[in-house]
Amino acid sequence: MAFSGALTLTDLNDFITPSQACIKPVEQANKPKTQERDAGTAATEIHIDESGSYYEVSRNGMTADAGGGGNTEGVGQGRKLEQAQISLNDCLACSGCITSAESVLITLQSHTEVLSVLSNDQDERIPIISIAPQSLASLAAAYSSRTNPTTASSVNGTSSQLTPREIFHRIREFCTSILGFAYVFDTNFARHLALKEHVDEFLERKKGSQSMNGDTIVPVSNETHLPLPMLASACPGWICYAEKAHSEMLPFISRTKSPQQVMGTLVKKWIGRRLGKQPNEIYHVSVMPCYDKKLEASRQDFFDEIFQTREVDCVVTTGELELMMKELGWDLGSGTLISPGTALPTSTIPVKRNLSTQNLPSIEIPELITHPGTSSGSYLHAIINHLISTSPVPLSLNVKAIRNADYEEFILRETCSLDNDSDTSGKVVFKGIKCYGFRNLQNVVRKIGRERGVRVGSGAAGRLGTSRSRGVAAGRAVRAARKGQGQGNNEIGNSNAVAEEEEKKFDYVEVMACPGGCVNGGGQLRPPALTPSTSSLTSTTVSGDVDAEGYKRDWDGEGVAPSVSSKWGDREWTKKVEEVYWRDTRLDHESWEKSIADQLVDEIIKELCAGDDDERKRLFRTGYRAVESDVIGLAVKW
């Protein structure tokens, strides 16, 4: 089984449901024919030898199968059993648990698979790699801190800090000159196209919601008029969770593909057409900050049945990309090969580097386009910016932290010409939420269920509770009316505005499963190693070889840097990566970059879709399905 060395099981927090037994039965391929035994024959047992191999032997010590097995010291004669494997699709088919993607056994989603394909001279597919900006920020923050750990935020150290753009250029050199990739792109342009499609879908829903007065909840099967609020769909961890635990939320989730899958469509369809290649003649690798992206790429929705290929053939994490560079002797800090005496010989991994690219045309895509807002895609801000730029009246934005920076409310209202406070006066035209982390996410799901009259967690499509929702709305209106009585005109106006704000239902929610967003994904690099004194830490902690559960780990061998705390999600480190993400974003070129990107998007859609709106939706949108659980409570292992 090709299991990534960077895939660790440290600090899993699967609090959503207790772990349950896997429903995938053990299978054996090419099972030899066995002679039927009479009733009463001794049962067989499974023995394990020193090497970890499994043998089937009978309890009386005789051979379990006359036709198989050999002698093994300490085990006796028996038939050696083939190793059973569980694929990623098997795990997705199991509805018995909701797990962190770090615990998923993945057979074809690892950096070793990438190296295997690239080293195969018989594989004539053109290799193309795309890199997420969050991965670039993590690498830039890590290597900047390793170079200048004490001056990361000082004036003297700031000028020497690496930027995501510099890291991207060095990775591009590594991927083309060492690995042999024909093209190296970032995913920002794909995100730009996804944001445009995202805004279009929101406007479609808003128009449909206005025609229905927002009182009707559409079933999952109806894809024509989907309801508000629209929930972001770029986080595969959230999608997997919703399909298994909150299928009543599926009508609210955006159908727009994530930037990773949009990039997959561009690579296999648009770039493939430019190269004169079919989708199955291109090998597309994606570098992502999250292990859940491996789940996303393996979904059947993103598999081309005609050409028998996926939009994204393999997903590697930030840590796995760094591990590949280490194995091949590439120093990302300097952007050069390390001297042979201090690194693994590059000849130990036979990667083909003589890919003929002379006849391949140049593919020009805007590099690292800036999208102001959040480091997790700026989906909420894209909608807000569109509403502000297209509104016939001036609009003002008020941001309010509900619990912390991971749970914020965004209210867009018309600017009143009176001297009232612009934050609490004027008609509310939009209300959105930024929600990061599963704990905040569950609160939002319950709130949406109350607002829209959907019974949370009660079936594939949910159940309507219109009488209850109307009663709640009526009660709020009465309380708002009572609150306005006995006050002056100005105070009445302000109280009515507050009441309207409370009555306004959510229009959009930017959902991410990881606290802190995508820069804190499970596939990102850990904080660099510190140098604590031996008096404050034990010897095992100083060596950095013990994880949070007390198990010894070889962090360097697993593609992550050792640290005093082996726990994912260090807040200070997440802030550092967030800061680096926005470093050198060239905001002064933002309008110019977007105009170039918009023009290219229009050209691509025209070339691929030829004005067919249905074809555009087929290429850049997807669907979801409820996964019903067959596991009963008695099967739970507490």
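A cavity is a set of grid points where a 1.4 Å probe fits but cannot get out. In this predicted model, the search for such enclosed spaces gives six cavities of 30 Å³ or more. The second largest cavity holds about 160 Å³ of space, while the largest has a volume of about 270 Å³.

It helps to look at the second largest cavity and its walls. Its lining is made up of 15 residues, and those nearest the centre are N188, L368, I369, Y581 and T585. Two helices, α5 (164-179) and α6 (188-211), each give two or more residues to this lining. By residue character, the lining of the second largest cavity splits into six nonpolar, five polar and four charged residues.

The largest cavity can be described in the same way. Here 24 residues form the lining, with Q134, A234, K293, S376 and C518 lying nearest the centre of the cavity. At least two lining residues come from each of α3 (133-147), α8 (259-275) and α9 (292-297). The lining of the largest cavity comprises 14 nonpolar, seven polar and three charged residues.

Attention now turns to the aromatic rings. A pair of aromatic rings is described by the distance of the centres and the angle of the planes. The model contains seven aromatic pairs. One of them joins F202 and F430: the ring centres are 5.8 Å apart and the planes meet at 80°, so this pair is edge-to-face, the label used for angles over 60 degrees. Where do F202 and F430 sit along the chain? F202 belongs to helix α6 and F430 to strand β15 (residues 428-436), so their pairing ties together parts that are 228 residues apart in sequence. Both F202 and F430 are buried. F202 and F430 also belong, with Y508, to one aromatic cluster.

Another edge-to-face pair is formed by Y581 and W582, with 4.9 Å from centre to centre and 85° between the planes. Are these two residues buried or exposed, or something in between? Y581 has a relative accessibility of 8% and therefore counts as buried, because the cut-off for burial is under 20%. W582, at 26% relative accessibility, counts as partly exposed. Y581 links the two parts of this description: besides pairing with W582, Y581 is among the residues nearest the centre of the second largest cavity. Helix α6 does likewise, as it contributes to the lining of that cavity and also carries F202.

Notes:
Residues numbered from 1 in each chain as written. Predicted model: local features only at pLDDT ≥ 70, side-chain atom pairs only at ≥ 80, totals over all residues. Heavy atoms only, no water. 1 Å grid on protein atoms, 1.4 Å probe; cavity = no way out; pocket = protein on both sides within 12 Å on 5 of 7 lines; lining within 4 Å. Points joined across faces, edges and corners; volume = space filled by probe spheres on them. Helix = DSSP H or I, 4+ residues; strand = E, 2+ residues; numbered from the N terminus. Nonpolar A, V, L, I, M, F, W, Y, C, P; charged D, E, K, R; others polar. Phe/Tyr/Trp six-rings, centres within 6.5 Å; stacked < 30°, edge-to-face > 60°. Buried < 20%, exposed > 50% of the residue type's maximum accessible area, 1.4 Å probe, protein only.
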